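Biologist: I'd like to go through this model with you and hear the reasoning behind the labels. Shall we take a look?

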Amino acid sequence: MRVRTLPGGKINRRLDVNNPQQHAAQQQGSITIQDKQHVPAVPLMNNTGLALHEKRSMEPASLENLCVLYHSADYIVVNKHWDIRIDSKMWYEKQTVQSQLKHLFPELADPGTYYGFRFCHQLDFSTSGALCVALNKAAAGHAYRCFKDRLVTKAYLALVRGTVAEEKMTLEFAIGKNTTEGQTHMMCTEGTDGCENPKPCQTELTVLEYGEYDGDPVTKVLLQPLTGRTHQLRVHCSAVGHPIVGDYTYSLRTDSAPYRMMLHAYFLHIPLENEPIHVTAPDPFVPTLDSKWAPRRCVNVLEDLLKNILTKPQTEIQEEPEPVHRRSSPVESEEQQAQCQQWLCEWNLD
């Protein structure tokens with residue numbers, strides 16, 4: 001089954017209206033299992049389904065509350081909820097994206113993997129948006145090479161504190177691990193006391209709208225990471241004096257009033273040779289969903305910026321060349337698994 005993803009995360013596919021389960025899915029925007037080939041149906045993002053999804057995006061995460069943006073035989077892209085982990089080894093964390101997938105699509109879980117699903121990249125606990133999952137080992141390998149070769153294009157939406165003066169900015173703060181006592185869970189910019197092994201980083205920031213959140217001045221921005229470091233977007237925004245709204249960690253535990261951190265993985269393009277993935281996850285930062293956000297002036301149109309991102313060549317920071325490895329064997333070694341895990345950590349951008 002091939003699914004065509006339309007702008008805004010809408011999905012276009014045929015629906016058998018004579019099938020009661022599929023008809024109910026259309027009306028409710030829910031997810032159902034379609035047939036014996038283990039191909040799950042996807043939620044039809046018609047007006048009813050989109051409205052329901054938008055309503056659910058404001059509700060706390062649950063096992064059933066998962067929106068599928070794209071689905072094929074090899075990949076599934078979901079709109080990850082805010083405040084939920086992708087996976088966890090902790091017995092008390094019952095609610096993760098992995099558990100959501102296992103609950104909704106148990107037949108797609110691979111018993112040969114620890115979590116049951118191969119996540120192609122990472123999103124932080126507090127970040128929502130497009131998350132790609134490979135449904136088999138070969139598909140995971142193809143996606144891995146795209147990420148490793150820096151061919152993937154990502155763009156995030158965020159509300160940041162204050163009024164960003166420059167319409168466009170390139171943030172180039174090197175980021176390293178924070179070794180300061182009590183802050184070892186954080187990253188920091190080069191030159192900060194306790195900053196260990198800082199690496200070059202680059203983020204492009206473009207202003208979309210100026211407005212207010214709960215009466216305080218904020219700016220809605222589009223963030224395009226050109227490198228992939230842990231917490232890169234959060235650290236870069238904080239470094240220029242515009243921390244992300246609701247970022248409790250990088251506001252030094254002061255910004256706790258908002259119901260979530262306002263960072264959303266809006267756009268994902270993976271240029272796979274046989275199946276290029278091009279997905280947008282619906283914008284959650286709109287007044288109809290959150291009345292505390294009041295935009296006052298539009299500076300750039302989001303759709304126009306996305307067109308520019310896709311047409312212009314992506315510049316990259318030159319990094320140390322990686323050693324050339326021999327062709328991997330069919331069975332993953334512990335070293336290969338560790339290398340893959342390190343790669344995933346490197347792409348924890350938010």
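Modeller: Happy to, and keep in mind that this is a predicted model. Let's begin with C298, which has a relative accessible area of 48%.

Biologist: What makes C298 partly exposed?

Modeller: Buried means under 20% and exposed means over 50%. C298 has 48%, so C298 falls in between and is called partly exposed.

Biologist: And why does C188 count as buried?

Modeller: The relative accessibility of C188 is 5%. The cut-off for buried is under 20%, so C188 counts as buried.

Biologist: How do you know that C188 is in no disulfide?

Modeller: The structure holds 0 disulfides. For C188, the nearest cysteine sulfur belongs to C195 and is 3.3 Å away. A disulfide needs the sulfur atoms within 2.5 Å, so this pair does not qualify.

Biologist: Now the sheet with the order β10-β9-β11. Why are β10 and β11 said to stand at the edges?

Modeller: That sheet is open, has 3 strands and is paired antiparallel. β10 (187-189) and β11 (195-199) each have a single partner strand, so one side of each lacks a neighbour in the sheet. From one strand to the next, the twist averages 35°.

Biologist: What makes β9 and β11 a pair?

Modeller: At least two bridges are needed, and β9 (residues 175-178) shares 3 bridges with β11, so they pair, in the antiparallel sense. In β11, K199 is the bridge partner of I175.

Biologist: Lastly, why is N79 called buried?

Modeller: N79, in strand β4 (residues 75-80), has 9% relative accessibility, and buried means under 20%, so N79 counts as buried. A polar atom of the N79 side chain lies 3.4 Å from the backbone nitrogen of G129.

Technical notes:
Residues are numbered from 1 along each chain as its sequence is written. This is a predicted model: local features need pLDDT of at least 70, side-chain atom pairs count only at pLDDT 80 or more; totals for chains, interfaces and linings use all residues. Side-chain values use heavy atoms; hydrogens and water are left out. Helices (H or I, at least four residues) and strands (E, at least two) are DSSP runs, numbered from the N terminus. Buried means under 20% relative accessible area, exposed over 50%, partly exposed in between (1.4 Å probe, protein chains only). A polar contact is a pair of N or O atoms within 3.5 Å; within protein, one must be able to donate a hydrogen and the other to accept it, and residues adjacent in sequence count only if both atoms are side-chain atoms. Axes are lines fitted to C-alpha atoms, for helices over the stretch in contact, and angles run from 0 to 180 degrees between N-to-C directions.
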